[in-house]
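Please walk through this structure with attention to how its side chains meet, beginning at one residue and moving outward to charged pairs, cysteines and rings.

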Amino acid sequence: MEGYSYGMVGLGVMGRNLLYNIADNGFSIAGFDLDEEKVKDLHEGANSKMKIKGTGSLEDFVSALETPRKIILMVPAGKPVDAVLESIKPLLSKGDIVIDAGNSYFEDTNRRIADLASNGLHFMGMGVSGGEKGARTGPSIMPGGDLEAFHLLKPMLEAISAKVDNEACTAYMGKGSAGNYVKMVHNGIEYAIMQLISEAYDLLKKGANLNNDQLYEVFKEWNNGEMNSFLIEITRDIFQQKDSLTEGYLVDQILDKAGAKGTGKWTSEQAMEIGVSIPTIDIAVTSRILSAYKEERVQASQLYSGKEMMSPEDIDGFIREVGDALYLATLISYAQGLALLVKASQEYGFEIPLKDVVKIWRGGCIIRSVLLEKFYSAYTRDPDLSNILLDKDISVIVKGKIASLRKVAAFAVSNGIPSLGLQTALGYFDAYTTESLPVNLIQAQRDYFGAHTYQRIDREGVFHTSWQNVNQ
Ligand code: 6PG
């Protein structure tokens, strides 16, 4: 059969799974990969109902597609995307659509949109979250860019995405490279939540001496209540995974050096670039960097040994407080990421619909959680909310948990348990909710040594003072 509705370039696990998902939903789709093994795997894993074709020839692939062609790229971000575009561009016709579904940097997408547009082609950046399993069964999909092209893809995207209350976890994320930008910030929030969960684990393990079976029970209970989320759910399961090489649990055999592919770092860089404060995301990125200094940490822990651990008296109460602290710090991390999207939308003219962002993050993606329902309600009340912490209903939740976050953060500090994520979430909250910050003094210092000027609270204008050195 020729005239396939869709094309997929890149048949690695993500590409193949997304292709099967599309085919399962009744759309015909051709797949291309230079690696013949992957093409063979594609055919072997397919079922007879799927209308699919795999090929190792780019010419065959392109000519098998109906026009306008709708070609999804699922290849590693960076040079591989440009390499595919260079080889495929000469084979395409005016009006064809190329959709980059990888974690591409948004500025690269802007460049590619302009480049393909000069050939009469549409290029879209589309975030896809949910890992391998999500791609196969229903991810959260964040497309942005060309509206006309988006409308052509919409029925397919709605069919293959995750559903929450029968609503598809996909929506138009805004102009230009908004789809990639929203996915980048999703990942930044993902980094922060993972950091916070790891700190809660550390507090329960070192502070309350819980073993893996007990940790499993705690995370199970958390996941059954208001903290229900994908990351809490998988953490629960991790505590039950036995090691196949030794006795005991796998988690205890895993080296404490965290990897990263770069999307968290981009989020932090972006926030600095456009002037948004996202300290819990920043700290999550830098904590992974710090974790890599394993050898130095071992040396330093010997040099500075002797930390004394004071166990909490009421263990059940402590577990509850750690849960509340984690819940609130998670909420604050979402607040930081969403505030970044608000500013980026203005800065780059994306017109990102925040309400739709939180709506489609409710299912399919790595940061899905029931908490997003509350954000969805908040943005329904006020779509222009600049920070989720300013919503009245959210403030009620925050007020109910803040004492626990303070107590748990204080416990960590006094016992020397690293808790950079919890501390920054609390510090951000305290700074954000403080009417008068002490930066009047910073302004005075800047003006003192550099004549950088300052504003006053009692009158308009810009002022400079010849500051007196009292020792002269
Ligand atoms: C997703 C994930 C995914 C991410 C990986 C690895 O939404 O499915 O965010 O896109 O790339 O989880 O991220 P790091 O290697 O940077 O941790």
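**From a buried serine outward**

S140 is buried, with a relative accessible area of 0%. The model in which this residue is seen is a predicted one, and S140 is found there in strand β7, which covers residues 140–143. Leaving aside residues up to four places away in sequence, S140 touches G127, V128 and S129, as well as C169, I360, W361, G363, G364 and C365. One polar approach can be described in detail: the backbone oxygen of I360 lies 2.7 Å from a polar atom of the side chain of S140. S140 and I160, which are 20 residues apart in sequence, are 9.2 Å apart in space from C-alpha to C-alpha.

Two of the residues that S140 touches are the cysteines C169 and C365, which leads to the matter of disulfides. A search of the whole structure finds zero disulfides. C169 is in no disulfide, and the nearest cysteine sulfur, that of C365, is 7.5 Å away; because a disulfide requires the sulfur atoms to be within 2.5 Å, this pair does not count as one. C365 likewise is in no disulfide, its nearest cysteine sulfur being that of C169. Both cysteines are buried, C169 with a relative accessible area of 1% and C365 with a relative accessible area of 0%.

The charged side chains come next. Side chains of opposite charge can pair when their charged atoms come close. The structure holds 30 salt bridges, among them the one in which the side chains of D96 and R69 meet at 2.7 Å, N to O. D96 lies in the loop between α4 (79–88) and β5 (97–100), and R69 lies in the loop between α3 (58–63) and β4 (70–73), so the pair ties together parts that are 27 residues apart in sequence. D96 is buried, and R69 is buried as well.

Another salt bridge joins the side chains of R362 and D165, at 4.0 Å from N to O. This pair links distant parts of the chain, 197 residues apart, with R362 in the loop between α15 (354–360) and α16 (371–381) and D165 in the loop between β8 (163–164) and β9 (167–168). R362 is buried, with a relative accessible area of 9%, whereas D165 counts as exposed at 60% relative accessibility. Elsewhere, salt bridges that share partners join D82, D100, D108, R111 and R112 into one network.

Within that network, the side chains of R111 and D108 meet in a salt bridge of 3.4 Å, N to O. R111 and D108 both lie in helix α5 (residues 106–117), where they are three residues apart, about one turn of the helix. R111 is partly exposed, with a relative accessible area of 42%, and D108 is also partly exposed, with a relative accessible area of 22%.

The aromatic residues complete the walk. A search of the whole structure finds 20 aromatic pairs, one of which is formed by Y105 and F106: their ring centres are 5.1 Å apart and their planes stand at 65°, so the pair is edge-to-face. F106 counts as buried at 1% relative accessibility. Y105 and F106 also belong to one aromatic cluster, together with Y181, W266, Y348 and F350. Charged side chains are found over rings too: R288 lies over the face of Y191, at 3.6 Å from the ring centre, while K401 lies over the face of Y327, at 4.7 Å from the ring centre.

How values were computed. Residues are numbered from 1 along each chain as its sequence is written. This is a predicted model: local features need pLDDT of at least 70, side-chain atom pairs count only at pLDDT 80 or more; totals for chains, interfaces and linings use all residues. Side-chain values use heavy atoms; hydrogens and water are left out. Helices (H or I, at least four residues) and strands (E, at least two) are DSSP runs, numbered from the N terminus. Buried means under 20% relative accessible area, exposed over 50%, partly exposed in between (1.4 Å probe, protein chains only). Contact means heavy atoms within 4.5 Å. A polar contact is a pair of N or O atoms within 3.5 Å; within protein, one must be able to donate a hydrogen and the other to accept it, and residues adjacent in sequence count only if both atoms are side-chain atoms. Rings of Phe, Tyr and Trp (its six-membered ring) pair if their centres lie within 6.5 Å; planes under 30 degrees apart count as stacked, over 60 as edge-to-face and the rest as tilted. A charge sits over a ring if NZ of Lys or CZ of Arg is within 6 Å of the ring centre and within 35 degrees of the ring normal.
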